[in-house]
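Thanks for sharing this one. Here are my notes, in numbered points, to read alongside the model.

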Amino acid sequence: MTHKKYFILLLILFNGCSANFYNSNTIRIVGSDTMIELTSNLAEAYMKEYPGISIHVEGGGTAEGIKALINNKTD
């Protein structure tokens with residue numbers, strides 16, 4: 001799969017976990033340090049294709065991603 005397809009797959013996954021996805025032009029992704037480089041690259045490519053969308057990618061580990069999701073601090 002291309003990077004774009006992986007990113008779309010990630011967006012679908014995160015969309016299912018977020019009630020605020022469609023209410024904002026900013027997407028915040030928090031989680032796995034092992035995936036941060038790939039996710040950042042995919043976010044950059046997506047933002048080039050869709051300039052009205054801003055994607056913030058942050059590592060911290062899977063546990064931090066889960067905490068942020070529970071506390072509505074990530075999409």
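**Notes on the predicted model**

1. Let me start with the largest nonpolar core, which has eight residues in all: F7, I27, I29, L42, A43, Y46, I55 and V57. Three elements each give two or more residues to this core, namely strand 1 (26–30), helix 2 (36–49) and strand 2 (54–58). Helix 2 supplies the largest share, with three residues. Please keep in mind that this is a predicted model.

2. A43 is a good place to look inside that core. Leaving aside residues up to four places away in sequence, A43 touches F7, I55 and V57. These three partners are themselves listed among the members of the core.

3. V57 deserves a point of its own. This residue is found in strand 2. Is V57 buried or exposed? Its relative accessibility is 19%, so V57 counts as buried, the cut-off being under 20%. I would word any description of V57 with that value of 19% in view.

4. Which residues does V57 touch, not counting residues up to four places away in sequence? The list is I29, I36, T39, S40 and A43. Two of these names, I29 and A43, also appear in the core. For a sense of spacing, the C-alpha atoms of V57 and N41 lie 9.7 Å apart, and the two residues are separated by 16 residues along the chain.

5. Now the overall layout. The protein chain has three helices and two strands. Read from the N terminus on, the order of elements is α-β-α-β-α. Among contacts between residues at least 6 apart in sequence, 71% join residues at least 24 apart.

6. On burial and surface, the protein chain has 75 residues, and buried residues make up 28% of them. The accessible surface of the chain comes to about 5,200 Å². Carbon and sulfur atoms account for 57% of that surface.

7. Last, a backbone detail you may like to check by eye. Most residues other than glycine have a negative phi. N72 is not a glycine, yet its phi is positive, at about 55 degrees. Where does N72 sit? This residue is found in the segment after helix 3 (62–70). With a relative accessible area of 64%, N72 is exposed, because exposed means over 50%.

Technical notes:
Residues numbered from 1 in each chain as written. Predicted model: local features only at pLDDT ≥ 70, side-chain atom pairs only at ≥ 80, totals over all residues. Heavy atoms only, no water. Core = buried A, V, L, I, M, F, W, Y, C linked by side-chain atoms within 4.5 Å. Buried < 20%, exposed > 50% of the residue type's maximum accessible area, 1.4 Å probe, protein only. Helix = DSSP H or I, 4+ residues; strand = E, 2+ residues; numbered from the N terminus. Contact = heavy atoms within 4.5 Å. Areas by Shrake-Rupley, 256 points an atom, 1.4 Å probe, with all protein chains shown as cover.
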